[in-house]
Amino acid sequence: MALTFWHVSFTVSDIDRSIGFYRDIVGLKLKSGPRNGGGKGTETGTIVGFPGARLKVAGLKLNDDCVLELIQYVYPEGKKRVETQRCDVGSAHVAFLVKDVQAKYEELKEKGVHFVSAPARDTRGRPVAYFYDPDGITLELAGMISDKEP
């Protein structure tokens, strides 16, 4: 049986703040939530491995087939920020494909978004720039090389 990619998920410290960032600053569309989930008598604790877990969950549309799921653990409350670097095993990021990296970089900088560096070219010549969400999660702007890219 073939697998199909459905969503990517980030655990965040404040779901409302994160929704605001991804919707109002990055420009994603809210698809669902925020909604409460879990608690005693639900399967959520079994699924996530924390009995009695209570969550707040929201989904933002990345494209027609994929969602960015944001999860805030109400119980158990997680550590506020685990210090990881992009070079650490297990570290991940999501890349957003845009037509003009420099223009989007300038737009996000004006909105107060913190970038690792100004746009630069990767090994394939694609313009890219890493930036952070409010919880310090690494994100990437990646420029389109041709109009044939989605």
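Arg 17 is partly exposed in this predicted model, because its relative accessibility is 37%, a value that falls between the 20% limit for buried residues and the 50% limit for exposed ones. Its side chain forms a salt bridge with Asp 135, and the closest N and O atoms of the two are 2.9 Å apart. Arg 17 belongs to helix α1 (residues 15-26), whereas Asp 135 sits in the loop between β7 (127-132) and β8 (138-143), so the salt bridge ties together parts of the chain that are 118 residues apart in sequence. Asp 135, for its part, is buried, with a relative accessible area of 10%. The pair therefore links a partly exposed residue to a buried one.

The count of salt bridges in the model comes to six. Another of them brings together the side chains of Asp 64 and Lys 61, with an N to O distance of 3.7 Å. Here Asp 64 is exposed, at a relative accessible area of 68%, while Lys 61 is partly exposed, at 38%.

A further salt bridge lies within a single helix. Lys 104 and Glu 107 both belong to helix α3 (residues 101-110), where three residues, or about one turn of the helix, separate them. The closest N and O atoms of this salt bridge are 3.3 Å apart. Lys 104 is buried, with a relative accessible area of 19%; this value counts as buried because the limit is set at under 20%. Glu 107 is partly exposed, at 32% relative accessibility. The pair does not stand alone, as salt bridges with shared partners join Lys 104, Glu 107 and Lys 111 into one network.

Glu 140 presents another case. This residue is found in strand β8, and although Glu 140 is buried, it has no salt bridge. The nearest side chain of opposite charge is that of Arg 124, at 6.5 Å; a salt bridge requires the nitrogen and the oxygen to be within 4 Å, so this pair does not qualify. The side chain of Glu 140 does, however, make a polar contact with the side chain of His 93, at 2.7 Å.

These residues may now be placed in the overall arrangement. The protein has three helices and eight strands, and from the N terminus on, its elements follow the order β-α-β-α-β-β-β-α-β-β-β. The C-alpha trace spans about 50 × 35 × 30 Å along its principal axes. Of the 150 residues in the protein, 35% are buried.

Several of the elements also meet around an open space. The second largest pocket holds about 430 Å³ and is lined by 17 residues. Those nearest its centre are Leu 28, Leu 62, Ala 95, Phe 96 and Leu 97. Strands β3 (54-63) and β5 (94-98), together with helix α3, each supply at least two residues of this lining. Strand β5 gives the most, with five residues. In character, the lining consists of 14 nonpolar residues, two polar residues and one charged residue. Helix α3 thus contributes to the pocket lining and also holds the salt bridge partners Lys 104 and Glu 107.

The backbone has features of its own. Most peptide bonds are trans. A cis peptide bond, by contrast, joins Gly 33 and Pro 34, with omega at about 5°. Pro 34 has its place in strand β2 (residues 29-38). The peptide bond from Tyr 75 to Pro 76 is also cis, with omega near -10°. Pro 76 is found in the loop between β4 (66-75) and β5. One of these cis bonds thus leads to a proline in a strand, and the other to a proline in a loop.

Helix α2 (residues 44-48) remains to be described, and Ile 47 is found there. Ile 47 is exposed, because its relative accessible area of 70% lies over the 50% limit. The C-alpha atom of Ile 47 is separated by 15 Å from that of Gln 72, a residue 25 positions away along the chain.

Notes: Residues are numbered from 1 along each chain as its sequence is written. This is a predicted model: local features need pLDDT of at least 70, side-chain atom pairs count only at pLDDT 80 or more; totals for chains, interfaces and linings use all residues. Side-chain values use heavy atoms; hydrogens and water are left out. Helices (H or I, at least four residues) and strands (E, at least two) are DSSP runs, numbered from the N terminus. Buried means under 20% relative accessible area, exposed over 50%, partly exposed in between (1.4 Å probe, protein chains only). On a 1 Å grid over the protein atoms alone, a cavity is a set of points where a 1.4 Å probe fits but cannot get out, and a pocket is an open set with protein on both sides within 12 Å along at least five of seven lines; lining residues have an atom within 4 Å of a point. Grid points are joined across faces, edges and corners, and a volume is the space filled by probe spheres set on the points. Ala, Val, Leu, Ile, Met, Phe, Trp, Tyr, Cys and Pro count as nonpolar, Asp, Glu, Lys and Arg as charged, and the others, Gly among them, as polar. Lys and Arg count as positive and Asp and Glu as negative; His and the chain ends are not counted. A polar contact is a pair of N or O atoms within 3.5 Å; within protein, one must be able to donate a hydrogen and the other to accept it, and residues adjacent in sequence count only if both atoms are side-chain atoms.
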